[in-house]
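Trainee: I am new to this structure and would like a close look at a single part. Could you take one sheet, explain how it is put together, and then show me how it sits within its surroundings?

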Amino acid sequence: MNDLTPTREQRTAALEGMGCKRKRVEDIRFTQGKGNYVDDVKLPGMLHGDFVRSPHAHARVKSINSEEALKVPGVLAVITAETLKTVNLAWMPTLAGDVQMVLADGKVLFQNQEVAFVIADDRYVASDAADLVEVEYQALPPLINPFNAMAADAPVLRDDLTGKTDGAHGARKHHNHIFNWQMGDKDGVDAAFRKADVTIKELISYQRVHPCPLETCQCVASFDKIKGELTVWGTFQAPHVIRTVASLISKIPEHKIHVISPDIGGGFGNKVGAYPGYICAIVASIVTGRPVKWVEDRIENLSTTAFARDYHMTAEIAATKDGKVTALRVYTIADHGAFDACADPTKWPAGFFNIVTGSYDFPVAHVNVDGIYTNKAPGGVAYRCSFRVTEAAYCIERAMDIMAQKLGMDPAEFRMKNLIRREQFPYTSALGWEYDSGDYHVALQKAMDTVGYAALRAEQKARQEAFKRGETRELMGIGVAFFTEIVGAGPSRNCDILGIAMFDSAEIRIHPTGSVIARLGTKSQGQGHETTYAQIIATELGLTADNIAIEEGNTDTAPYGLGTYGSRSTPVSGAATAVAARKIKAKAQMIAAHLLEVHDDDLEWDVDRFRVKGNPEQFKTMTELAWAAYNKVPPGMEPGLEAVSYYDPPNMTYPFGAYICVLDVDVDTGATKVRRFYALDDCGTRINPMIIEGQIHGGLTEAFGIAMGQEIHYDEDGNVTTASLMDYFLPTAVETPVWETDWTTTPSPHHPIGAKGVGESPNVGGVPCFANAVNDAFKFLGSTHIAMPHDHWRTWTVADKLGLHA
Amino acid sequence: MAKTHVTMKVNGAEVEGLVEPRTLLVHFIRENLQLTGTHIGCETTHCGACTVDIDGMSVKSCTMFAVQADGSDIMTIEGVANADGTLSALQEGFRMMHGLQCGFCTPGMIIRAQRLLQENPQPSEQEIRMGISGNICRCTGYQNIVRAIQYAAAKINGVEFKEAAE
């Protein structure tokens with residue numbers, strides 16, 4: 001060894017492996033406008049499709065007349081449900097076990113529902129012609145309020161379900177009922193409530209919102225009549241599942257379907273499902289023999305594809321008078337819109353809503369969810385969260401605050417008293433989840449210490465006194481939220497989509513020169529997978545990240561996987577990546593032993609090489625071993641150096657965090673100003689701290705949008721009144737607060753690298769934290785629960801109702 | 001529909017084309033000129049993904065007709081990199097400060113930030129936030145976009161940029 005030999009630390013740093021703030025590979029193309037998104041795909045002879053949509057929320061379709069539309073030069077065809085019936089595609093299966101109209105079949109069930117699909121050689125012409133399709137409707141009474149859905153005289157929405165007393169998830173008790181889902185110990189909960197010193201009960205509604213990625217949903221379908229093969233480029237978070245679904249419903253063999261997700265402009269759950277636009281574009285391409293592009297506009301996006309939430313949760317907590325929780329009971333009305341098109345694992349009609357006991361040691365709990373139909377768009381996707389986890393976190397975090405208020409306890413102190421203790425992990429919750437790991441008290445204490453919690457409460461007290469004396473018109477709110485997520489779906493024993501277990505995959509191939517290509521079953525929509533998966537491989541195999549190419553999204557080349565949503569990429573495909581790398585490493589060790597003429601067990605791993613134990617000068621680097629794998633393998637060993645892993649996770653992962661928000665409310669304008677937002681996240685092993693921080697900033701900003709202004713709102717006639725960015729709140733740089741991020745590290749004990757996933761945590765924890773802060777500002781005036789979103793008008797209204805404007 | 005002949009300078013090159021009077025500038029740029037770095041996010045002037053620079057002003061090209069841009073001088077994201085092909089100070093700043101994730105807003109954001117720094121070479125944080133408020137990002141929460149623009153401003157002004165500690 002001489003002075004020029006790199007040290008162990010230098011060799012480690014050169015890899016740019018796990019734990020380093022590696023700059024993103026993707027940015028080179030994105031900063032130069034050289035990304036390749038779906039609308040950038042242009043094929044010779046490509047046609048464009050556009051929808052005729054329903055102006056009514058609920059109506060019979062009496063007739064559709066396409067005569068005038070077909071006269072427009074450049075129009076090739078107008079597809080209706082009648083056309084689709086000839087190929088048995090007027091309806092399509094949903095991921096939730098329901099069926100959904102592709103095009104209106106006799107009725108429309110929500111405003112802007114797809115009625116006809118116009119195909120033309122130009123997108124302007126398609127739009128012109130769509131305006132000329134004459135549809136005659138007979139309006140029917142709309143059902144908008146979910147609480148009226150199961151009234152005896154409620155309108156019948158789904159004629160197709162007449163007489164069907166069973167749905168995909170058991171018995172239906174009303175013509176607008178989809179499912180009832182219960183979990184937990186009902187009798188035990190009833191008994192605990194009878195004995196309780198203190199109880200609270202509150203209706204906590206989480207309004208309907210929309211993920212609204214900046215790129216809308218879109219696709220290009222191209223059917224090759226000669227080969228009988230279909231290629232679809234689309235905004236698909238789960239391309240392999242889309243291919244399987246396309247094969248099952250089109251009867252085209254799966255190997256003759258090529259699904260490609262190119263660069264995706266944000267997903268947030270919006271791009272998991274299958275939408276009528278995809279089906280229509282595929283059918284149109286099969287019919288015309290030419291490629292067909294379908295691109296949603298923003299109004300179509302907000303009003304038809306994939307809403308989220310619309311959960312109306314009545315939460316009850318029982319507690320002792322000294323502040324120990326003894327039971328939780330939650331009854332939920334879940335508004336699924338016109339079709340049950342939730343993108344949940346098949347056996348979970350309410351997602352993982354039974355994470356609703358949160359981070360607290362509830363001895364018993366019971367949840368009861370009724371899913372119902374209304375005349376609203378279908379969806380119910382996991383908007384930047386695991387399935388129904390943000391609903392659960394909002395519910396329990398509001399309810400805990402309300403109980404603390406009733407007990408006269410500080411909300412942080414009340415949480416400290418009830419958090420699951422470190423020594424209780426692995427912890428089985430009253431609703432059946434096994435929390436893998438956690439160190440909750442340390443996290444909350446760190447958060448409180450960092451923000452100076454006691455001093456903030458003292459300041460708030462002084463401000464309240466000043467307010468009462470009329471010296472200020474501002475109220476100060478301090479929001480505390482402690483959340484536990486459940487991500488990384490999931491184990492095959494309880495998670496599947498349409499019967500396909502929710503494993504995920506990685507295939508790694510080492511080339512002779514030591515450069516690498518790895519392909520995965522997930523699909524990045526901005527998470528930076530090309531950067532971070534390479535970091536895992538770099539650390540595992542001792543090869544530099546810059547020499548590792550990551551590919552996703554092409555079903556022909558990538559191993560089968562279930563896609564990216566529910567923070568599952570790192571917990572599942574990240575694990576597969578490590579497992580595949582370890583298979584390669586094991587083979588490399590045998591090759592190294594052969595070359596160094598020692599036994600396998602006489603070797604030890606050292607950053608980027610195997611060396612002989614006790615003789616570190618004797619070593620073979622991974623780069624050398626890659627070359628040797630193609631020409632000097634031990635006798636009897638196959639040449640080559642590659643591996644694949646299909647990883648079936650033994651458990652979910654449970655990231656958690658402690659968030660604190662400080663804000664001021666002007667009671668005369670309703671305006672709120674976030675003074676400080678501190679987010680401590682524990683996502684286990686941290687792969688790239690820069691990307692983690694970016695994910696948290698983004699998730700908090702989406703949480704801010706949801707809590708402070710977002711709502712997909714319908715008027716009583718079923719008109720969606722928030723279907724453009726004029727009406728639907730997306731925070732700009734001006735409103736968005738400054739974020740402070742922090743962390744603790746509690747690795748997952750069952751994940752190969754200890755990582756838990758992080759992208760959705762800030763949304764799950766952020767929403768209740770903002771809501772708790774606004775509520776906290778008003779609670780000394782006797783207010784217990786204010787519904788989201790906390791926009792200026794609503795907040796002003798709250799102040800007005802409390803008599804603050806008298 | 002009858003077509004109109006338009007000529008303009010785009011990223012320094014003279015271009016021309018036949019467009020319908022109703023053809024949006026963003027479609028002319030993306031479809032006729034094949035410059036697909038300019039994106040469409042809302043078609044209603046709210047999101048800023050389609051921002052291009054026209055005669056020294058940031059313009060949302062989804063609500064301008066191509067015929068209105070006849071004779072103008074336009075820069076799109078494809079014209080931002082340095083002449084030698086290296087990333088401009090802003091492009092570099094966005095990468096170094098992790099100012100992008102999905103990349104869909106990025107071209108419009110960089111084009112806007114470039115004009116902002118020409119209008120105000122040393123903007124405060126608040127001036128940056130106000131200056132990019134016509135451009136929506138759904139991924140980053142803006143904090144790192146602000147830092148990216150500060151990084152670029154420092155580099156252009158030849159002063160040291162102090163990266164905030166995580």
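Mentor: Let us begin with an open sheet of four strands in chain A, whose order is E28-E27-E26-E32 and whose pairing is mixed. Please keep in mind throughout that this is a predicted model. E28 and strand E32 (642-647) of chain A stand at the edges, and since each has a single partner strand, one side of each is left without a neighbour in the sheet. From one strand to the next, the twist averages 15°.

Within this sheet, strand E26 (residues 504-510) and strand E27 (residues 516-520) of chain A are joined by five bridges and pair in the antiparallel sense. If you wish to find the pairing by eye, look for Arg509(A), which stands opposite Ile517(A) in E27(A). Helix H14 (residues 529-541) of chain A lies across E26, E27 and E28 of chain A, and its direction makes an angle of about 130° with E28(A).

Following the chain onward from the edge strand, we come to the loop between strand E28 (548-552) and helix H15 (569-596) of chain A, and in that loop lies Thr555(A). Is this residue buried or exposed? Thr555(A) has 26 other C-beta atoms within 10 Å, and because 20 or more are enough for a residue to be called buried, Thr555(A) counts as buried. Leaving aside residues up to four places away in sequence, Thr555(A) touches Pro239(A), His240(A), Arg243(A), His258(A) and Val259(A). Thr555(A) can also be placed relative to Gly521(A), from which it is 34 residues apart in sequence and 8.4 Å apart in space, C-alpha to C-alpha.

To see the wider setting, turn to the domain assignment of chain A, which gives domain 1 (8-35 + 504-647), domain 2 (38-142 + 217-295) and domain 3 (307-489 + 652-801). The C-alpha centres of domain 1 and domain 3 of chain A lie 38 Å apart, and 21 residues of domain 1 are in contact with 23 residues of domain 3. On the domain 1 side of this contact, the elements that give two or more residues are H14 and H15 of chain A, the helix that lies across E26, E27 and E28 and the helix that follows the loop of Thr555(A). H15(A) gives the most to that side, with seven residues. By class, the residues on the domain 1 side divide into eight nonpolar, ten polar and three charged.

Finally, chain A does not stand alone in the model, for 46 of its residues are in contact with 44 residues of chain B. On the chain A side, helix H2 (27-30) and helix H17 (689-708) are the elements that give two or more residues, and H17(A) gives the most, with nine residues. The residues on the chain A side divide into 18 nonpolar, 16 polar and twelve charged. Chain B, for its part, is divided into domain 1 (4-79) and domain 2 (89-157), with the C-alpha centres of these two domains 21 Å apart.

Definitions and conventions. Residues are numbered from 1 along each chain as its sequence is written. Chains are lettered from A and ligands numbered from 1 in the order in which they are written. This is a predicted model: local features need pLDDT of at least 70, side-chain atom pairs count only at pLDDT 80 or more; totals for chains, interfaces and linings use all residues. Two residues are in contact if their C-beta atoms, placed from the backbone, lie within 7 Å. Ala, Val, Leu, Ile, Met, Phe, Trp, Tyr, Cys and Pro count as nonpolar, Asp, Glu, Lys and Arg as charged, and the others, Gly among them, as polar. A residue is buried if 20 or more other C-beta atoms lie within 10 Å of its own, exposed if 12 or fewer, and partly exposed in between; C-beta atoms are placed from the backbone. Two strands pair if DSSP finds at least two bridges between them. Axes are lines fitted to C-alpha atoms, for helices over the stretch in contact, and angles run from 0 to 180 degrees between N-to-C directions. Domain bounds come from an automatic or database domain assignment.
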